[in-house]
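Morning, everyone. I have one structure to go through, and I will take it a few places at a time. Please have the display open.

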Amino acid sequence: MSSTAPSTSAVKGRIHSYETMGTVDGPGIRFVVFTQGCPLRCLYCHNPDCRDFWGGREVTAGEVVAEIAKYRSYLAKGGGVTVSGGEPLMQPEFTAAIFQGCHGLGLHTALDTSGYCPIGVAEPVLAHTDLVLLDIKSFDPEIYRRVTQVSLEPTLALARYLDQIRKPTWIRFVLVPGLTDPVPNIAGLADFVATLHNVERVEVLPFHKMGEYKWEQLGLEYLLKDTPEPTPEQVEATKAVFRSRGLFTP
């Protein structure tokens with residue numbers, strides 16, 4: 001029987017690149033799709049070349065899934081596919097179509113997002129998402145805006161919604177000395193996350209400068225040039241705050 005409905009595999013989107021052997025963006029070995037375009041302007045962004053909505057290259061979801069299928073045999077062994085960015089929720093139909101294709105291959109799907117979008121935009125994607133990696137870059141609204149240049153509230157609203165629908169979620173927090181490390185900021189985030197029932201772990205990610213060279217190549221000023229990376233003791237102390245609220249931090 002023929003259908004006039006468009007195939008999800010024909011949905012087009014813009015991507016920056018692939019990583020075929022990701023080990024830090026979800027469980028197991030991941031195929032990571034970096035989508036193009038992001039509304040945030042994070043001071044420590046390590047993919048500033050993913051910001052431009054018209055950069056990268058246009059592909060169909062079917063082409064992405066066909067590339068993923070080449071690695072299916074080892075991705076299926078406890079790993080899967082993560083769509084990151086950029087911000088994948090800026091291309092919700094495209095991301096949802098990729099995830100649909102991945103589920104067709106029997107692969108686990110993870111969405112790496114800042115949560116900066118209306119919940120109604122995220123819903124169709126979440127219907128095909130097994131795990132959300134939600135970046136909460138600060139709990140203090142002023143610090144959040146200083147880091148990202150956008151409002152914190154959409155991210156917190158999505159976090160509450162993910163709890164409401166019991167979507168498995170990992171919270172990610174980047175520890176930046178002199179920026180996101182005030183004790184009340186970390187304690188406030190820990191208190192908030194402890195109210196959620198769907199969070200499986202909190203990942204405290206140490207600030208690093210591996211993307212600094214990209215800023216230079218793009219002619220952008222990197223304002224954290226003189227910011228040190230956190231010491232192991234600072235990272236451990238931050239993890240201890242989350243653990244004190246009963247949260248798991250690896």
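**Cysteines, a lysine and a helix pair**

The count of disulfides here comes to 0. Keep in mind that this is a predicted model. The cut-off is that two cysteine sulfur atoms must lie within 2.5 Å. Take Cys 38: the nearest cysteine sulfur belongs to Cys 42 and is 6.3 Å away, so with a limit of 2.5 Å Cys 38 is in no disulfide. Cys 42 is in no disulfide either; for that residue the nearest cysteine sulfur is the one in Cys 45, at 6.2 Å.

Are these two cysteines buried or exposed? Cys 38 has a relative accessibility of 13%, so it counts as buried. Cys 42, at 8%, counts as buried as well.

Cys 42 also takes us to the next residue, since Lys 137 touches Cys 42. Where is Lys 137? Lys 137 sits in the loop that runs between β6, residues 131-135, and α5, residues 141-148. Is this lysine buried or exposed? Its relative accessibility is 10%, and the limit for buried is under 20%, so Lys 137 counts as buried. Leaving aside residues up to four places away in sequence, Lys 137 touches Leu 40, Cys 42, Tyr 44, Ser 114, Tyr 144, Val 147, Thr 148, Phe 173 and Thr 180. Of those contacts, Tyr 144, Val 147 and Thr 148 fall within the residue range of α5.

Now the helix pair. Please find α4, residues 119-126, and α6, residues 153-164. Their axes come within 11 Å and cross at roughly 40 degrees. Oblique covers angles that are not under 35, not over 145 and not from 65 to 115 degrees, so α4 is oblique to α6. The crossing of α4 past α6 is right-handed.

Which residues meet there? From α4 we have Ile 119, Ala 122, Glu 123 and Leu 126, and from α6 they meet Ala 157, Leu 158, Tyr 161 and Leu 162. By class, the residues of this contact split into 7 nonpolar, 1 charged and no polar. The charged one is Glu 123, because Glu counts as charged.

Last stop, Ser 73. This serine is in helix α2, residues 72-75. Its relative accessible area is 56%, so Ser 73 is exposed. How far is Ser 73 from Leu 105 in sequence and in space? The two are 32 residues apart along the chain, and their C-alpha atoms are 10 Å apart.

Technical notes: Residues are numbered from 1 along each chain as its sequence is written. This is a predicted model: local features need pLDDT of at least 70, side-chain atom pairs count only at pLDDT 80 or more; totals for chains, interfaces and linings use all residues. Side-chain values use heavy atoms; hydrogens and water are left out. Axes are lines fitted to C-alpha atoms, for helices over the stretch in contact, and angles run from 0 to 180 degrees between N-to-C directions. Helices (H or I, at least four residues) and strands (E, at least two) are DSSP runs, numbered from the N terminus. A crossing is left-handed if the near helix is turned anticlockwise from the far one by less than a right angle, and right-handed if clockwise. Contact means heavy atoms within 4.5 Å. Buried means under 20% relative accessible area, exposed over 50%, partly exposed in between (1.4 Å probe, protein chains only).
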